[in-house]
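Subject: Structure handover

Hello,

Here is the structure you were going to look at. My notes on it come after the model.

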Amino acid sequence: MNKQAQAVILLLVGGAVLRASLSGQYLNYVKPGLQPYLIAAGAILVVAGAFTLWYELRGARRVEQEHDDGHGHAPGGPKVAWLLLAPVLGLLLFAPPALGSYAAGRSGSAVTARSEYAPLPAGDPLSLPMLDYASRAVFDKGVSLGERRIRLTGFAMRGPENSWLLARMMVSCCAADARPVKIALGGELPDGLQDQQWLRITGKYSGRQLQDNVNGEAIPFIEVSEVTLIPVPQEQYES
């Protein structure tokens with residue numbers, strides 16, 4: 001591939017990174033705190049590609065003037081090399097979605113223990129991250145949850161014993177290290193519930209548990225009192 005094609009690829013990749021960073025699409029792949037670094041990286045790629053393309057086109061015109069064969073054209077590189085732009089255009093035009101129920105169903109639930117659990121803040125209902133509820137329910141046996149009404153947000157998926165789970169992918173850095181947090185839903189659920197449907201549920205701690213079929217981890221229950229179907233949120237991961 002000649003330098004002109006390389007410059008165009010730099011421009012396209014940089015443009016794709018900038019578009020994803022500025023439109024919020026980047027949240028499908030990385031944590032929100034990485035946005036400034038993505039914007040900077042995309043801008044550098046665009047500037048580098050534009051400068052390289054300008055430099056090469058200026059040089060190409062000079063070479064044409066020096067080597068013109070007298071018939072109005074000069075030798076050029078193979079046109080098929082531009083087909084290498086196809087995967088870059090695919091990245092620019094067809095961005096993959098965030099990880100959801102398919103990925104969660106093939107990964108074991110992530111539940112981590114803590115040395116101690118601080119008292120819950122005020123709020124009724126109290127919105128908690130999925131991992132916080134699951135950790136308190138499994139390792140603290142619900143002592144720090146008590147009879148508090150808890151609000152959780154995630155997507156629905158089928159679980160062991162034909163149960164319905166509320167799940168959400170948790171990331172440390174990006175989608176490559178994402179793992180699901182799963183919580184089983186007890187109580188009355190709406191008819192026609194489907195995989196990947198996003199829900200906001202309110203409920204109380206339940207001592208029941210299931211065992212994850214993938215890694216054998218405990219999946220705690222929450223006894224549901226309210227269910228609201230919601231649109232897909234912009235930030236689909238927890239961190």
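What follows is a list of findings, grouped by region. Please keep in mind that this is a predicted model.

Strand 2 and its neighbours

Strand 2 (150–158) is a convenient place to start. Seven of its nine residues are buried, so strand 2 is largely enclosed by the rest of the structure. On one side, strand 1 (residues 126–127) runs parallel to strand 2, and the two are joined by two bridges. Leu-126 has Ile-150 of strand 2 as its bridge partner. With helix 5 included, strand 1 and strand 2 form a β-α-β unit that is right-handed.

Strand 2 also has antiparallel partners. Six bridges pair strand 2 with strand 5 in the antiparallel sense, and Phe-155 is found opposite Trp-198 of strand 5. Strand 3 is likewise antiparallel to strand 2, over four bridges; here Arg-158 is opposite Trp-164 of strand 3. Strand 2 and strand 3 make a hairpin with five residues between the strands, and in this hairpin Glu-161 has a positive phi near 55°.

Helix 5

How much of helix 5 (residues 130–139) is buried? Nine of its 10 residues are, so helix 5 is largely enclosed by the rest of the structure. The buried residues run through Met-130, Leu-131, Asp-132, Tyr-133, Ala-134, Ser-135, Arg-136, Ala-137 and Val-138. Note that the list includes Asp-132 and Arg-136. The cover over these buried residues includes strand 2 (150–158), strand 3 (164–170), strand 4 (179–186), strand 5 (198–211) and strand 6 (218–229). After helix 5 comes Lys-141, with a positive phi near 55°.

Nonpolar cores

The largest nonpolar core has 27 residues, and those that touch the most other members are Leu-128, Tyr-133, Ile-150, Leu-152, Ile-201 and Ile-222. At least two residues of this core come from each of helix 5, strand 2, strand 3, strand 4, strand 5 and strand 6. The biggest contribution to this core is that of helix 5, at six residues. Ile-150 has contacts beyond four places in sequence with Leu-120, Leu-126, Leu-128, Tyr-133, Leu-145, Ile-201, Thr-202, Gly-203 and Ile-222. A second core, separate from this one, has 17 residues, among them Phe-155, Ala-184, Trp-198 and Ile-219. As background, nonpolar side chains in soluble globular proteins tend to be buried together.

Leu-185 is a residue of strand 4. Its relative accessible area is 7%, under the 20% cut-off, so Leu-185 counts as buried. Leaving out residues up to four places away in sequence, Leu-185 touches Trp-164, Leu-165, Leu-166, Leu-199, Ile-201, Phe-221, Ile-222 and Val-224. For Ile-222, the separation from Leu-185 is 37 residues in sequence, while the C-alpha to C-alpha distance is 5.5 Å.

Rings

How many aromatic pairs does a search of the whole structure find? It finds two. In one of them, Phe-51 and Trp-54 have ring centres 5.8 Å apart and planes at 40°, so this pair is tilted. Both residues belong to helix 2 (residues 35–67), where they are three residues apart, about one turn of the helix. Phe-51 is exposed at 53% relative accessibility, whereas Trp-54 is partly exposed at 45%.

The other pair, Phe-155 with Trp-198, is edge-to-face, with 5.6 Å centre to centre and 70° between the planes. Phe-155 belongs to strand 2 and Trp-198 to strand 5, so the pair ties together parts that are 43 residues apart in sequence. Phe-155 and Trp-198 are both buried. As noted above, these two residues stand opposite each other in the paired strands, and they are members of the second core.

There is also a charge over a ring: the charged end of Arg-208 lies over the ring of Phe-221, 4.0 Å from the ring centre.

Ser-101

Last, Ser-101 is part of helix 4 (residues 101–105). Ser-101 is buried, at a relative accessible area of 15%. Beyond four places in sequence, the residues that Ser-101 touches are Phe-155, Ala-156, Met-157, Asp-195 and Gln-196.

Regards

Definitions and conventions
Residues numbered from 1 in each chain as written. Predicted model: local features only at pLDDT ≥ 70, side-chain atom pairs only at ≥ 80, totals over all residues. Heavy atoms only, no water. Buried < 20%, exposed > 50% of the residue type's maximum accessible area, 1.4 Å probe, protein only. Contact = heavy atoms within 4.5 Å. Phe/Tyr/Trp six-rings, centres within 6.5 Å; stacked < 30°, edge-to-face > 60°. Lys NZ or Arg CZ within 6 Å of the ring centre and 35° of its normal. Core = buried A, V, L, I, M, F, W, Y, C linked by side-chain atoms within 4.5 Å. Pairing = 2+ DSSP bridges. Right-handed = clockwise from strand over helix to strand, strands pointing away.
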